[in-house]
Amino acid sequence: MTSSTQLAVIGGGPGGYAAAFRAADLGIQVTLIDEAANPGGVCLYRGCMPSKALLHVAKVLTDAREARAWGVDFGEPALDINRLRSWKNGVVDKLTDGLGQLSAQRHVTYLRGRAELCGPTSARVAGADGQVTDLRFDHAILATGSRPASPPALALDSDRVWDSSRALDVPSVPRSLLVVGGGYIGLELGSVYAALGSAVTVVEMAPGLLPGADLDLTAVVARRLEAVCAAVLLETAVVGLAEEGDGVRVTLQGPGVEESDQRFERVLVAVGRVPNSEIPGLERTGVRRDRGFVVVDGQRRTAEPTIFAVGDLVGEPMLAHKASHEARIAVEAIAGRKTVFEPGAIPAVVFTDPEVAWCGLTEAQAGADGRAVQVCRFPWGASGRAVTLGRPAGVTKLVVEPKSEQILGVGIAGSGAGELIAEGVLAIEMGATVSDLRLCIHPHPTLSETLMESADVFFGQSTHTYRPKRTR
Ligand code: FAD
Ligand code: NAD
């Protein structure tokens with residue numbers, strides 16, 4: 001079959017489907033290509049959405065356990081793993097079906113199959129049904145995403161060693177689970193299995209969890225993880241895996257390691273992701289790669305003028321909302337609009353319990369750059385709302401340019417931080433000062449007040465904290 005389209009989008013994740021939908025909304029004829037039955041990509045099928053569904057279950061379990069201290073005892077939860085899995089799969093189906101419908105309503109041509117590039121304006125799509133489509137296009141957007149990294153020392157071909165996709169299937173609740181990597185996936189899925197009843201050990205080779213995030217934020221989640229996990233081992237690397245009995249023998253290396261060989265029932269490897277840039281036929285185009293990522297300019301145009309690229313394929317941070325925003329930029333550039341990708345703040349949220357979220361300049365980055373900043377913190381123990389929720393552990397912080405008083409960065413650790421951080425993004429993008437934030441009336445009692453009060457702290461005092469005045 002031969003076909004032609006104005007825009008071919010390869011990959012149906014948050015980069016690809018957002019691009020296809022935006023293009024259709026601008027009146028561009030679009031063909032969206034992915035193997036799955038519906039758009040969604042990693043995020044919907046084996047990433048953001050299934051993990052958040054399971055994290056919600058984990059939160060319910062934790063809240064129910066903690067309610068004992070408030071005089072309400074639900075008893076021991078009875079876990080039906082098959083129902084849990086089918087509920088989670090139902091969430092995924094509902095969301096991906098919805099995207100399929102939105103795609104059809106916009107008259108996006110959805111081609112199910114794998115694409116191979118034949119040149120700067122043509123591709124071949126091999127469908128699962130054996131049908132081959134030769135497609136000519138004016139422009140293409142590559143949005144082929146990423147996959148789990150699998151370094152040789154951790155690449156044991158065994159169903160006892162899971163990657164994130166396998167862990168999201170909840171094949172079992174192992175008695176003991178080693179999580180290799182204390183990053184986003186390790187902490188989110190480690191929290192899920194800890195709540196479901198596994199004895200979880202997290203091993204992170206860096207000196208702290210979530211490398212790159214500020215320590216005062218990660219400390220909040222680290223304290224809680226230490227309480228719910230069997231162990232959290234920092235500055236420790238996993239250097240070998242081997243099947244042993246019905247489990248896995250793990251070799252650990254690090255200054256504090258007492259027992260280098262340990263045995264776990266299952267191992268989850270979550271040590272980062274690599275871009276899917278080995279797109280067949282890419283060499284027939286002028287598209288360039290650097291360290292695995294496709295190289296793009298500010299409009300997400302590759303070195304081949306007809307071809308754009310977005311999402312995990314083009315670099316960090318590998319986040320769904322970054323991919324979707326890039327998609328918008330690329331499509332608008334194709335439509336001839338004056339546009340560029342230059343966000344002031346890309347929010348990061350780790351959906352652990354409690355959540356950790358930050359955007360803009362971090363205190364660590366300011367320190368590394370030798371940039372003078374003023375940091376103001378509001379502890380959640382002083383937030384009435386946090387106390388009513390039984391979650392007083394948390395902090396909201398602002399990273400401020402001392403002279404202009406402009407807010408450069410926001411960090412939040414605590415329940416619901418992921419929802420709260422959007423206000424920080426707005427403040428940074430709007431060039432808000434601490435006075436702007438301080439003078440916005442925030443609803444009471446809410447956790448959002450912690451943003452307003454952290455702005456008050458900048459000026460010395462906030463209503464719900466007290467710092468004694470210095471006396472001579
Ligand atoms: P992807 O979503 O990876 O989609 C790429 C698609 O392209 C895939 O469907 C793939 O099959 C398809 N494809 C590849 N090659 C071809 C080809 N040749 N032809 C046709 N199709 C092809 N991010 C967040 O922002 N928030 C979260 O809470 C979050 N949670 C996550 C949890 C987990 C467990 C994981 C693994 C990731 C999570 N992420 C999260 C990251 C997020 O999933 C990615 O950043 C996002 O999916 C990237 O979107 P994308 O469009 O670049 O690519
Ligand atoms: P990550 O980069 O977040 O964390 C990987 C961690 O593994 C790092 O801290 C690294 O130091 C550690 N590590 C590497 N090799 C190790 C070894 N041999 N032993 C011990 N530790 C080791 O990667 P991830 O958790 O796999 O997630 C991949 C990406 O997916 C994230 O960076 C993020 O972009 C995205 N993601 C986002 C969310 C979210 O937005 N909530 C959730 C999940 C995933």
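**Exercise 1. Find the salt-bridge partner of Arg68, which is partly exposed with a relative accessible area of 35%, and describe the burial of that partner.**

Solution. This is a predicted model, in which local features need pLDDT of at least 70, side-chain atom pairs count only at pLDDT 80 or more, and totals for chains, interfaces and linings use all residues. Residues are numbered from 1 along each chain as its sequence is written, chains are lettered from A and ligands numbered from 1 in the order in which they are written, and side-chain values use heavy atoms, with hydrogens and water left out.

Step 1. A salt bridge is a side-chain nitrogen of Lys or Arg within 4 Å of a carboxyl oxygen of Asp or Glu. Arg68 makes one with Asp73, with the closest N and O atoms 3.3 Å apart.

Step 2. Buried means under 20% relative accessible area, exposed over 50%, and partly exposed in between (1.4 Å probe, protein chains only). At a relative accessible area of 55%, Asp73 is exposed.

**Exercise 2. Which strands pair with β13, and which salt bridge links β13 to β14?**

Solution. Step 1. Strands (E, at least two residues) and helices (H or I, at least four) are DSSP runs, numbered from the N terminus. Two strands pair if DSSP finds at least two bridges between them. Seven bridges hold β12 (residues 237–244) antiparallel to β13 (residues 247–253). Ala237 has Gln253 in β13 as its bridge partner.

Step 2. The hairpin of β12 and β13 has two residues between the strands, and Gly245 takes a positive phi near 55 degrees there.

Step 3. β13 also runs antiparallel to β14 (residues 261–264), joined by four bridges. Here Val248 stands opposite Phe264.

Step 4. Asp261 and Arg249 form a salt bridge, their closest N and O atoms being 3.7 Å apart. This pair links distant parts of the chain, with Asp261 in β14 and Arg249 in β13, twelve residues apart. Asp261 is partly exposed at 37% relative accessible area, and Arg249 is partly exposed at 30%.

**Exercise 3. Which residue forms a salt bridge with Glu66, and which network includes the pair?**

Solution. Step 1. The partner is Arg224, with the closest N and O atoms 2.5 Å apart. The pair links distant parts of the chain: Arg224 belongs to helix α7 (residues 215–228) and Glu66 to helix α3 (residues 48–66), 158 residues apart.

Step 2. Glu66 is partly exposed, with a relative accessible area of 23%.

Step 3. Salt bridges that share partners join Lys59, Asp63, Glu66, Arg224, Asp353 and Arg391 into one network. A search of the whole structure finds 32 salt bridges.

**Exercise 4. Glu304 is buried yet has no salt bridge; what does its side chain reach?**

Solution. Step 1. Glu304 sits in the loop between β18 (293–294) and β19 (307–309).

Step 2. Lys and Arg count as positive and Asp and Glu as negative; His and the chain ends are not counted. The nearest side chain of opposite charge to Glu304 is Arg301, 8.9 Å away.

Step 3. The side chain of Glu304 instead reaches the backbone nitrogen of Gly286 at 2.7 Å.

Step 4. Leaving out residues up to four places away in sequence, Glu304 touches Pro120, Thr285, Gly286 and Val287, where contact means heavy atoms within 4.5 Å.

Methods:
Polar contact = N/O pair within 3.5 Å; in protein donor to acceptor, adjacent residues only side chain to side chain.
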